[in-house]
Amino acid sequence: MGTTNTAAPADTTAAAPAPAEPAAPANPTVGGAAMLSTRTIVDNASAAPNLTTLVAAVKAAGLVPTLSGPGPFTVFAPTNDAFGRLAPGTVENLLKPENKASLVKVLTYHVVPGTLTGADLQAKMQAGGGKATLTTVEGAPLTIMMEGQAIVLTDVNGNKSYVETPDVRQSNGVVHVVNGVMVPKLG
């Protein structure tokens with residue numbers, strides 16, 4: 001006696017497509033240069049014409065390997081104009097080999113471990129009743145708060161810097177371009 005092979009009827013309903021990931025918003029340009037989220041902090045900063053002083057300082061401080069590494073890092077990147085507002089001769093002095101330790105302190109004072117977007121910074125400020133403290137890689141704190149619609153950073157000396165271009169995504173973190181150089185206690 002033969003057996004009858006009965007197959008289940010074929011399923012003719014197509015599987016519902018998986019919901020698409022929301023597209024990441026386009027990265028803002030910095031100094032008119034495209035910033036690619038697939039590039040590192042150093043690669044993108046090197047492409048920005050308004051961050052050349054910062055890039056020169058990162059190179060002089062020997063921080064290129066670190067800021068090209070996996071991170072992630074949140075970098076508050078001062079523009080050339082920001083460096084230009086320091087006292088005359090300050091940048092030139094910091095770039096001298098004998099002042100490398102101070103230069104490293106100043107630069108790492110602009111770096112926070114992890115990725116903190118503008119929304120993350122705002123959430124921290126909201127949780128802190130309007131202000132929050134970030135611990136930098138240098139070790140000293142930065143205070144953040146809102147002034148109108150602007151995120152304001154205040155260094156340990158009371159100097160303020162405003163975020164000009166937030167949320168520039170990088171392959172190893174995020175950069176917020178700022179209009180001031182923050183200085184930790186040196187010495």
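In the predicted model, Lys 160 and Glu 147 form a salt bridge in which the closest N and O atoms are 2.8 Å apart. The pair links distant parts of the chain, with Lys 160 placed in strand β6 and Glu 147 in strand β4, 13 residues apart. Both side chains fall in the intermediate class of accessibility: Lys 160 is partly exposed at 45% relative accessibility, and Glu 147 is partly exposed at 32%.

In total, 2 salt bridges are found in the structure. Another pairing is that of Glu 138 with Lys 105, whose side chains meet at 2.9 Å, N to O. Glu 138 belongs to the loop between β3 and β4, while Lys 105 belongs to helix α6 (residues 100-108), so this salt bridge ties together parts of the chain that are 33 residues apart in sequence. Glu 138 has a relative accessible area of 19% and is therefore classed as buried, the limit for that class being under 20%. Lys 105, with a relative accessible area of 30%, is partly exposed.

The strands named above belong to an open sheet of 7 strands with mixed pairing, arranged in the order β2-β1-β7-β6-β5-β4-β3. Its edges are formed by β2 (111-113) and β3 (131-135), each of which pairs on one side only. On average, neighbouring strands of the sheet are turned by 30° against each other, direction ignored. Helix α7 (residues 118-127) packs on this sheet and touches β1, β3, β4 (141-147), β5 (150-154), β6 (160-170) and β7 (173-178). The direction of helix α7 makes about 120° with that of β3.

At the β2 edge, strand β1 (residues 73-78) runs antiparallel to β2 and is joined to it by 3 bridges. Val 75 has Val 111 in β2 as its bridge partner.

At the β3 edge, 5 bridges connect β3 with β4, and the two strands run antiparallel. Thr 135 stands opposite Pro 141 of β4. The hairpin made by β3 and β4 has 5 residues between the strands, and within this hairpin Gly 139 adopts a positive phi near 115°. Strand β4 is in turn joined to β5 by 5 bridges, again in an antiparallel arrangement. Here Thr 143 has Thr 154 in β5 as its bridge partner. The hairpin of β4 and β5 has 2 residues between the strands, and Gly 148 in its turn shows a positive phi of about 65°.

The interior was also examined for enclosed space. The count comes to 2 cavities of 30 Å³ or more. The largest cavity holds about 220 Å³ of space. This cavity is lined by 26 residues, of which Ile 41, Ala 45, Leu 54, Val 75 and Ala 77 are the closest to its centre. Val 75 is thus placed at this cavity as well as in the bridge to Val 111 of β2. Both helices and strands contribute to the lining of the largest cavity: α1 (41-47), α2 (52-60), α3 (64-68) and α6 each supply at least two residues, as do β1, β6 and β7. Two of these elements also carry salt-bridge residues, with Lys 105 in helix α6 and Lys 160 in strand β6.

Notes:
Residues are numbered from 1 along each chain as its sequence is written. This is a predicted model: local features need pLDDT of at least 70, side-chain atom pairs count only at pLDDT 80 or more; totals for chains, interfaces and linings use all residues. Side-chain values use heavy atoms; hydrogens and water are left out. Two strands pair if DSSP finds at least two bridges between them. Helices (H or I, at least four residues) and strands (E, at least two) are DSSP runs, numbered from the N terminus. Axes are lines fitted to C-alpha atoms, for helices over the stretch in contact, and angles run from 0 to 180 degrees between N-to-C directions. Contact means heavy atoms within 4.5 Å. A salt bridge is a side-chain nitrogen of Lys or Arg within 4 Å of a carboxyl oxygen of Asp or Glu. Buried means under 20% relative accessible area, exposed over 50%, partly exposed in between (1.4 Å probe, protein chains only). On a 1 Å grid over the protein atoms alone, a cavity is a set of points where a 1.4 Å probe fits but cannot get out, and a pocket is an open set with protein on both sides within 12 Å along at least five of seven lines; lining residues have an atom within 4 Å of a point. Grid points are joined across faces, edges and corners, and a volume is the space filled by probe spheres set on the points.
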